[in-house]
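Hi everyone, thanks for coming. Let me put the structure up on the screen, and then we can walk through it together.

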Amino acid sequence: MNLLTKAVRGTQDILPADSYKWKFVQNIMLNEANLYGFKEIRTPVFEHTELFDRGVGDDTDIVQKEMYTFNDKGGRSLTLKPEGTVAAVRAVLEHGLLNDGVPLKLTYITPCYRYEKPQSGRYREFYQFGVETFGAASPEADVEIICLATTLFERLGILDLSLEINSIGCPKCRQEYRSALKKYFEKYRENLCSTCIVRLEKNPMRIVDCKNPDCQKIAADAPSIIDFLCKDCRLHFNDVKNYLNGAGITYKINPKIVRGLDYYTRTVFEFVSSLDSNRNLVCGGGGRYDGLIEEIGGPTTPAVGFGIGIERLILLMQSQGIEIPKPNRCDVFIATADKSAQAKALSLSKILREASFYAEFDIVEKSLKAQLKYANKINAKFLLVLGEKELAEKKAEIKNMDSGEKFVISLDNNFFIEVKNILTN
Ligand SMILES: [Zn+2]
Ligand SMILES: [Zn+2]
């Protein structure tokens with residue numbers, strides 16, 4: 001295999017034929033976040049490995065199996081971001097952003113890296129859109145983010161997504177839940193997968209969302225966290241549900257959504273596509289993580305967030321046949337019949353481009369016939385042909401490539417006004 005001309009397994013190039021789709025989706029995401037008051041933050045691609053050990057959790061699959069960790073030439077252990085939240089939290093603490101008052105609302109689009117088995121919509125380098133609200137413990141903050149996600153999907157034209165929510169309580173109510181789970185799963189110890197046997201001791205909540213079919217069968221009848229919520233957590237969850245009802249957002253309660261890490265608290269949610277009946281494609285999810293900032297060494301600060309993997313989202317849009325608007329067409333292609341017209345083509349293109357029109361002319365010495373072919377290929381709206389005759393008369397013909405209509409325009413000082421009239425009519 002020729003490594004020089006082969007991208008690394010699990011990575012992909014976004015080619016010009018597709019990059020406009022990315023731009024479209026990313027613009028909608030950041031614009032929508034802005035409408036809710038989220039400001040963009042950009043953090044480095046790599047961080048100290050300790051940050052993810054602590055912030056993602058060193059007993060998670062991500063930290064144990066999937067991180068791109070390396071020593072730099074200074075001997076530091078660094079890791080390519082496996083997700084976006086923790087780096088944002090690190091930046092918030094480093095720059096004291098919480099001192100400017102709360103709520104602090106941040107959004108980002110960042111590449112992330114996980115050494116996973118590549119499959120459809122899953123890459124080792126992938127892009128994540130995220131929003132994070134810091135300093136708001138209220139159910140309103142949770143629902144605000146769910147609303148944002150819902151409108152975002154609507155704007156992208158994605159139908160058939162269902163919202164599933166759950167509450168996983170706080171460390172207080174989870175203690176009792178954990179022991180109830182342990183008692184329950186203990187009865188089925190022999191039928192659990194080997195990972196879950198370890199989880200039984202360390203963190204039985206993670207058995208609930210094990211992907212192993214045998215474990216799933218057993219987990220189907222496991223006690224539900226909702227029955228163990230303390231009074232405050234129950235009130236919070238009730239408020240979330242009431243606000244969602246009030247906002248006209250339909251949801252389903254799915255007690256199987258648990259996050260087996262201590263710093264996740266209360267509201268968790270996922271958007272699930274029912275189109276793909278086998279896998280029930282999860283298209284973004286989020287929730288509250290009131291314990292994370294403290295875990296990373298900051299002050300106790302409630303927080304809630306939401307993230308979407310952009311690759312899977314675009315895949316979903318394509319599978320639903322959602323049309324993404326094509327980028328701007330070339331406004332004018334200036335063809336030149338001979339070398340003497342090149343200087344004029346260059347200066348006229350410059351005038352058009354300075355006025356924000358998309359203009360092109362030949363830069364590879366194509367024949368006139370080949371230039372016309374090229375103008376067709378790039379789907380130019382207008383074609384302007386320059387030759388000795390046109391330069392001498394200071395007049396040229398511009399042709400509407402869609403209608404075939406032709407106009408004569410002057411090449412002197414009136415050029416721009418005359419062309420602009422034709423282009424904008
Ligand atoms: Zn609680
Ligand atoms: Zn299992």
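Before we look at anything, one term: two residues are in contact if their C-beta atoms, placed from the backbone, lie within 7 Å. Keep in mind, too, that this is a predicted model.

With that, please find helix α10, residues 231-246. Helix α10 lies across strands β7 and β9, and its direction is about 35° from that of β9. Another helix, α5, covers residues 139-156. Helix α5 lies across β6, β7, β9, β10 and β11, and runs at about 20° to β11.

So what sheet do those strands belong to? It is an open sheet of eight strands with mixed pairing. Reading across, the order is β1-β5-β6-β11-β10-β9-β7-β8. Which strands sit at the edges? They are β1 (39-40) and β8 (252-253), and each of these pairs on one side only.

A quick reminder for the newer people: strands of a sheet pair through backbone hydrogen bonds, either parallel or antiparallel. Let's take one pair from this sheet. Strand β10, residues 282-288, and strand β11, residues 303-309, pair in the antiparallel sense over four bridges. If you want a spot to zoom in on, G286 stands opposite F306 in β11.

Now back to helix α5, and to its neighbour α1, residues 16-35. The axes of α1 and α5 come within 10 Å and cross at roughly 145°. Is that crossing left-handed or right-handed? It is right-handed. On the α1 side the contact involves V25, I28, M29, E32 and A33, while α5 brings L148, T151, L152, R155 and L156. Sorted by type, the contact residues are seven nonpolar, one polar and two charged.

There is a second helix pair to compare on your screen. Helix α2 (residues 49-57) and helix α4 (residues 85-94) have axes that come within 10 Å and cross at roughly 110°. Angles of 65 to 115 degrees count as roughly perpendicular, so α2 is roughly perpendicular to α4. This crossing of α2 and α4 is right-handed. The residues in contact are L51, F52, G55 and V56 from α2, with V86, V89 and R90 from α4. Here the split is five nonpolar, one polar and one charged.

Follow the chain on from α4 and you reach a loop, between α4 and β5 (104-113), that holds P103. What is the peptide bond from V102 to P103 like? It is cis, with omega near 0°.

Next, a hairpin. Strands β15 (residues 395-400) and β16 (residues 406-410) pair in the antiparallel sense over five bridges. In β16, K406 is the bridge partner of K399. Five residues lie between the two strands, and in this hairpin G404 takes a positive phi near 85°.

Finally, positive phi turns up in residues that are not glycine, too. K394, in the loop between α15 (388-393) and β15, has a phi near 55°. Why do we call K394 partly exposed? It has 14 other C-beta atoms within 10 Å, and the partly exposed class lies between 12 or fewer, which is exposed, and 20 or more, which is buried. N379 is in the loop between α14 (368-377) and β14 (382-386), and its phi is about 60°. With 12 C-beta neighbours inside 10 Å, N379 counts as exposed.

Thanks for listening, and please ask away!

Key:
Residues numbered from 1 in each chain as written. Chains lettered and ligands numbered in written order. Predicted model: local features only at pLDDT ≥ 70, side-chain atom pairs only at ≥ 80, totals over all residues. Axes fitted to C-alpha atoms, helices over the stretch in contact; angles between N-to-C directions. Parallel < 35°, antiparallel > 145°, perpendicular 65-115°, else oblique. Left-handed = near helix turned anticlockwise from the far one by under 90°. Nonpolar A, V, L, I, M, F, W, Y, C, P; charged D, E, K, R; others polar. Pairing = 2+ DSSP bridges.
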